[in-house]
Amino acid sequence: MIKLLSVTIVAGLVFESNQQTPTVSNSVEPADKQRALLSFPFPAVKPVFSGWPCYWPTHIQCWTDWFDRDDPSGTGDWETLYSLRMENPGKICPNPVDIEAKTLSGLSVAAAGDVIYKSDTTVGFVCRKSDQPTKTCNDYRVRFSCHPPFCGGGVCWTKWYDRDNPSGTGDWELLSDLRKENPGQICEHPLYIEAQTTDTSTPASSTGQTFLTFNPTEGFVCRNADQKWGGCRDYRVRFGCPCDH
Ligand SMILES: [Ca+2]
Ligand SMILES: [Ca+2]
């Protein structure tokens with residue numbers, strides 16, 4: 001009796017997690033949000049653009065412009081973050097992840113041979129004249145590496161779509177069909193696609209099945225004839241769009 005009860009509870013949970021909203025929703029379903037966080041390495045930092053949640057990829061980095069605010073003629077070459085930010089508002093992200101310094105002639109710090117007082121993402125870059133045994137510092141320029149949203153590249157996920165079942169020739173979740181059946185819901189140029197099984201939310205890449213099509217330009221197709229054994233599982237798909245769609 002207890003066993004039967006627990007089976008019923010599990011089945012109920014699975015059914016609930018598979019429910020899909022019929023239209024583009026203005027808020028994220030808790031289950032969808034969970035799935036997004038679990039199945040994709042994008043932390044949700046800032047929500048909601050055009051009513052859709054926005055995720056900032058952390059694997060993307062970009063460099064700022066080069067900055068050269070000081071000359072080494074005084075006490076040294078002071079390219080501190082504080083001063084650079086004051087003089088270049090909005091040009092440097094709040095939390096840089098890396099710094100690079102080069103002389104104006106293009107030499108790396110190591111090649112230039114100066115003793116560097118600071119070179120980090122908190123203080124910035126400082127070469128002090130007093131640290132050099134025989135000469136003044138070279139004149140350096142610096143730049144910083146940042147993550148989105150400074151780099152652009154926020155991603156908004158559509159809702160999940162499941163238009164087909166694999167009972168015919170396979171599971172056909174083509175972007176062209178999804179667009180026709182859900183007009184105005186999917187951006188013109190999706191950047192990403194994600195596919196997972198409808199019953200266990202297993203990522204398509206982990207099912208061991210072979211797919212004819214699996215890209216953000218065309219969508220997703222699993223043909224039964226391409227599988228080693230059995231047929232395709234039933235998949236649902238969603239698309240990652242630029243946040244400024
Ligand atoms: Ca300088
Ligand atoms: Ca399907």
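## Asp-77, a buried calcium ligand

Let's start with Asp-77: in this predicted model, its relative accessible area is 0%, so the residue counts as buried, the cut-off being under 20%. Asp-77 also appears twice, each time through OD, among the donors of the calcium ion (ligand 1). The other donors to this ion are Asp-68 (OD), Asp-70 (O), Glu-79 (OE), Asp-139 (OD) and Tyr-140 (O), and the distances run from 2.2 to 2.7 Å. Along the chain, these donor residues follow the spacing D-x1-D-x6-D-x1-E-x59-D-Y.

## The sheet around strand 4

Asp-77 has a place in a sheet as well, standing opposite Cys-127 of strand 7. Strand 7 covers residues 124–128 and is joined to strand 4 by five bridges, with the two running antiparallel. Together with strand 6 they make an open, antiparallel sheet of three strands, ordered 4-7-6. Strand 4 (76–80) and strand 6 (118–120) are its edges, each pairing on one side only. On average, neighbouring strands here are turned by 10° against each other, direction ignored.

## The second calcium site

Now for the calcium ion (ligand 2). Its donors are Asp-162 (OD), Asp-164 (O), Asp-171 (OD, listed twice), Glu-173 (OE), Asp-234 (OD) and Tyr-235 (O), at 2.3 to 2.7 Å. Their spacing in sequence reads D-x1-D-x6-D-x1-E-x60-D-Y, which you may like to set beside D-x1-D-x6-D-x1-E-x59-D-Y for ligand 1.

How exposed is Asp-162, one of these donors? With a relative accessible area of 29%, Asp-162 is partly exposed, because this value lies between the 20% and 50% cut-offs.

## Nonpolar cores

The largest nonpolar core holds 14 residues, and Phe-220, Val-237 and Phe-239 have the most contacts inside it. Helix 5 (175–181), strand 11 (192–197), strand 13 (219–223) and strand 14 (235–242) each give two or more residues to this core. Strand 14 supplies the largest share, three residues.

Phe-220 is a good residue to click on, as its contacts lead back to the second calcium site. Among the residues it touches are Asp-171, Glu-173 and Tyr-235, which are also donors to the calcium ion (ligand 2). Other contacts of Phe-220 include Trp-172, Leu-174, Ile-193, Ala-195, Phe-211, Phe-214 and Val-237. A second, separate core has 13 residues, including Leu-81, Ala-101, Phe-125 and Val-142. Of these, Phe-125 falls within strand 7 (residues 124–128), the strand that pairs with strand 4.

Note on methods. Residues numbered from 1 in each chain as written. Chains lettered and ligands numbered in written order. Predicted model: local features only at pLDDT ≥ 70, side-chain atom pairs only at ≥ 80, totals over all residues. Heavy atoms only, no water. Pairing = 2+ DSSP bridges. Helix = DSSP H or I, 4+ residues; strand = E, 2+ residues; numbered from the N terminus. Axes fitted to C-alpha atoms, helices over the stretch in contact; angles between N-to-C directions. Donors = N, O, S within 2.8 Å, 3.2 Å for Na, K, Ca; no water. Buried < 20%, exposed > 50% of the residue type's maximum accessible area, 1.4 Å probe, protein only. Core = buried A, V, L, I, M, F, W, Y, C linked by side-chain atoms within 4.5 Å. Contact = heavy atoms within 4.5 Å. Lists of a residue's contacts leave out its neighbours within four places in sequence.
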